Amino acid sequence: MTAGGLAPGFADERVTARMPTTAEAAALGMGERVPVLCVERVVCGGGGRVLEALRVVGAADRVELHYDELPLTGGVV
């Protein structure tokens with residue numbers, strides 16, 4: 001983003017588990033009784049302008065979420 005002249009200020013990310021829709025189960029080649037993980041992220045720049053919106057859905061029994069070396073600023077609350 002920064003290489004494109006955009007300055008991200010913050011990101012909101014939500015991870016939820018739910019049952020798949022019929023279309024999601026078909027697209028993922030899985031049964032409708034296997035839960036999915038849904039990751040939704042919105043990255044905003046100055047003034048709250050949305051720079052990126054992302055939604056990823058994957059079968060919960062085949063997905064691993066790995067967060068490594070995340071920068072922490074301002075201490076832990």
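Arg-18 has Val-36 as its bridge partner over in β2. That pair belongs to the β1 and β2 match-up, which is antiparallel and spans 10 bridges. Keep in mind that this is a predicted model. Below is a quick tour of the sheet, a few residues on β1, the hairpin loop and the largest pocket.

**The sheet**

- Three strands make up an open sheet, ordered β1-β2-β3, with antiparallel pairing.
- β1 (8-18) and β3 (50-59) sit at the edges with a single partner strand each, so each has one side with no neighbour in the sheet.
- On average, neighbouring strands here are turned by 10° against each other, if you ignore direction.
- On the other side of the pairing scheme, β2 (residues 36-45) is joined to β3 by nine bridges, and these two strands run antiparallel.
- Two β2 residues give you handy reference points for that pairing: Val-43 has Glu-52 as its bridge partner in β3, and Cys-44 stands opposite Val-50.
- How well covered is β2? Mostly covered, it turns out: seven of its 10 residues are buried.
- As a general rule, side chains in a regular strand alternate between the two faces of the sheet.

**Two residues on β1**

- Arg-14 is part of strand β1, and it counts as exposed because its relative accessibility is 55%, above the 50% cut-off.
- Which residues does Arg-14 touch once neighbours within four places in sequence are set aside? The contacts are Cys-38, Val-39 and Glu-40.
- Take Glu-40 from that set: 26 residues separate it from Arg-14 in sequence, yet the C-alpha to C-alpha distance is 5.3 Å.
- Pro-8 also lies in β1, but its 38% relative accessibility makes it partly exposed.
- Not counting residues up to four places away in sequence, Pro-8 is in touch with Met-1, Thr-2, Val-43, Cys-44, Gly-45 and Leu-51.
- Gly-45, one of those contacts, is 37 residues away from Pro-8 along the chain, with 4.3 Å between the C-alpha atoms.
- Val-43 and Cys-44 turn up again here: both are in contact with Pro-8, while Val-43 is bridged to Glu-52 in β3 and Cys-44 faces Val-50.

**The β2-β3 hairpin**

- The hairpin of β2 and β3 has four residues between its strands, and Gly-47 adopts a positive phi near 70° there.
- Gly-46 has its place in the loop between β2 and β3.
- Is Gly-46 buried or exposed? At 65% relative accessibility, Gly-46 counts as exposed.
- Gly-46 and Ala-7 are 39 residues apart in sequence, with a C-alpha to C-alpha distance of 7.3 Å.

**The largest pocket**

- If you're after a cavity-style feature to look at, the largest pocket has a volume of about 230 Å³.
- Its lining consists of Phe-10, Ala-11, Asp-12, Glu-13, Arg-41, Tyr-67 and Leu-70.
- Which element gives the most to that lining? That would be β1, with four residues.
- Sorted by class, the lining has four nonpolar and three charged residues, and no polar ones.

Definitions and conventions. Residues numbered from 1 in each chain as written. Predicted model: local features only at pLDDT ≥ 70, side-chain atom pairs only at ≥ 80, totals over all residues. Heavy atoms only, no water. Pairing = 2+ DSSP bridges. Axes fitted to C-alpha atoms, helices over the stretch in contact; angles between N-to-C directions. Buried < 20%, exposed > 50% of the residue type's maximum accessible area, 1.4 Å probe, protein only. Contact = heavy atoms within 4.5 Å. 1 Å grid on protein atoms, 1.4 Å probe; cavity = no way out; pocket = protein on both sides within 12 Å on 5 of 7 lines; lining within 4 Å. Points joined across faces, edges and corners; volume = space filled by probe spheres on them. Nonpolar A, V, L, I, M, F, W, Y, C, P; charged D, E, K, R; others polar.
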